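Okay, everyone, I've got one structure to walk through today. Let me put it up, and then we'll go through the ligand and one loop residue.

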Amino acid sequence: MSGKVPEPPRDLAALRALRADGTTRLGVVGWPIDHSASPALHGAALATLAAAEPSFAAWEYRAYALRPEELAEALPLAAERGFRGLNLTVPHKVEVLPLVDRLAPSAERIGAVNTLLWEEDGLHGLNTDGYGLEEGLREAFGLGMAGQSVLVLGAGGAARAAVAEAVHQGAARAFVANRTEDRAVELARRFAGGVTEVAAVPLADAGHRAEPGTLVVNATSLGLRPGDPQPFPAAELPERCLLYDMVYNPPETPWLAAGRARGYPVANGLGMLLHQGARALEIWTDRPAPLAPMREALEGFLAGA
Ligand code: NAP
């Protein structure tokens, strides 16, 4: 079980050296993976489950640093070594697609996998990012995306999850604005044609195209580093917008600070992170996720990060 001090991630050689010893293994795979909050999040969850059901004391969750080209060897190895599931992060979420036996609708929608589950009939690929976002929004603002106008800033993997979930939830419209406009156009094209109006808008125009009360989601990586500019000036957004920043570290980005100063409801991506992890845990364990200790572990980890 992981304690307060994070262990260094394991590599492919360490995975090869594991033996099937009755431990039920879980983990997160990325490259790089050094600062992942997931071992703290899931370590706390497993400790809580084990207090009620001792069999969970034989479960563990660790970080694995694997290069993209190592995944094809690592996944069958993991199956032999007692793995029940894995989380995947950058750059594996799309690279893994040809390696799974079954894709859940959640992963098909997004075109990416963040959760793997080994079942008798093979390796299942799922995606809990959209669920995490929807729950994060509900928790922060008391509403989800159904019937809402949504403006997604960004056109990478996280933006794709946001637009897929907006469409899945039945948002009225989902506009996508990105620095590289072609990527926004491509993303919007992928999800257009259903009940939700999906369109790319030029970043410079996003403030005019958004209507009052729009749910604005920052799915760019801007805000992660000190000195980053806002992904779109909060001051140019119409009234009553709600600002959700997928970035959670720092807890308040300049964008959220500017939005808050204007009186908009704002929230960071901690809730999304918590709930995508909680759903993955439920998929692996078939138990309700213990949200309170998971949130506490996450906050403790980030406070020390
Ligand atoms: P990604 O695929 O690399 O996409 C990055 C996005 O940020 C692209 O739209 C990119 O625009 C934009 N961007 C990067 N630098 C920029 C700059 N200097 N100016 C303007 N735009 C810039 O990354 P991702 O996986 O989608 O992740 C995006 C963010 O979401 C990250 O901060 C990540 O930590 C966060 N996230 C949070 C959660 C959560 O649970 N809270 C989950 C997933 C992701 P271009 O297309 O023009 O390059």
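Before I start on the ligand, one term: when I say polar contact, I mean a pair of N or O atoms within 3.5 Å. And keep in mind, this is a predicted model.

So, with that cut-off, look at Ala155: one of its polar backbone atoms sits 2.9 Å from an oxygen atom of the ligand. Met246 also brings in a polar backbone atom, 2.9 Å from a nitrogen of the ligand. Then there's Leu273, where the distance from a polar backbone atom to a ligand oxygen is 3.3 Å. On its own the ligand has 920 Å² of accessible area, and the protein covers 74% of that.

Who makes up the shell? Two elements give two or more residues to it: helix H7, 157-169, and helix H11, 270-285. There are 20 residues around the ligand, and the ones that come nearest are Ala158, Asn178, Arg179, Thr180 and Arg183. By type, the shell splits into 10 nonpolar, eight polar and two charged residues.

Okay, on to the loop residue. Ala112 is in the loop between helix H5, 105-110, and strand S5, 115-119. Is Ala112 buried or exposed? Its relative accessible area is 5%, so Ala112 counts as buried, the cut-off being under 20%. As for what's around it, beyond four places in sequence Ala112 contacts Lys93, Val94, Leu97, Ala107, Asn127 and Arg160. Take Asn127 from that list: it's 15 residues from Ala112 along the chain, with 6.9 Å between the C-alpha atoms.

That's what I have, thanks.

Methods
Residues numbered from 1 in each chain as written. Predicted model: local features only at pLDDT ≥ 70, side-chain atom pairs only at ≥ 80, totals over all residues. Heavy atoms only, no water. Near = heavy atom within 4 Å. Polar contact = N/O pair within 3.5 Å; in protein donor to acceptor, adjacent residues only side chain to side chain. Areas by Shrake-Rupley, 256 points an atom, 1.4 Å probe, with all protein chains shown as cover. Helix = DSSP H or I, 4+ residues; strand = E, 2+ residues; numbered from the N terminus. Nonpolar A, V, L, I, M, F, W, Y, C, P; charged D, E, K, R; others polar. Buried < 20%, exposed > 50% of the residue type's maximum accessible area, 1.4 Å probe, protein only. Contact = heavy atoms within 4.5 Å.
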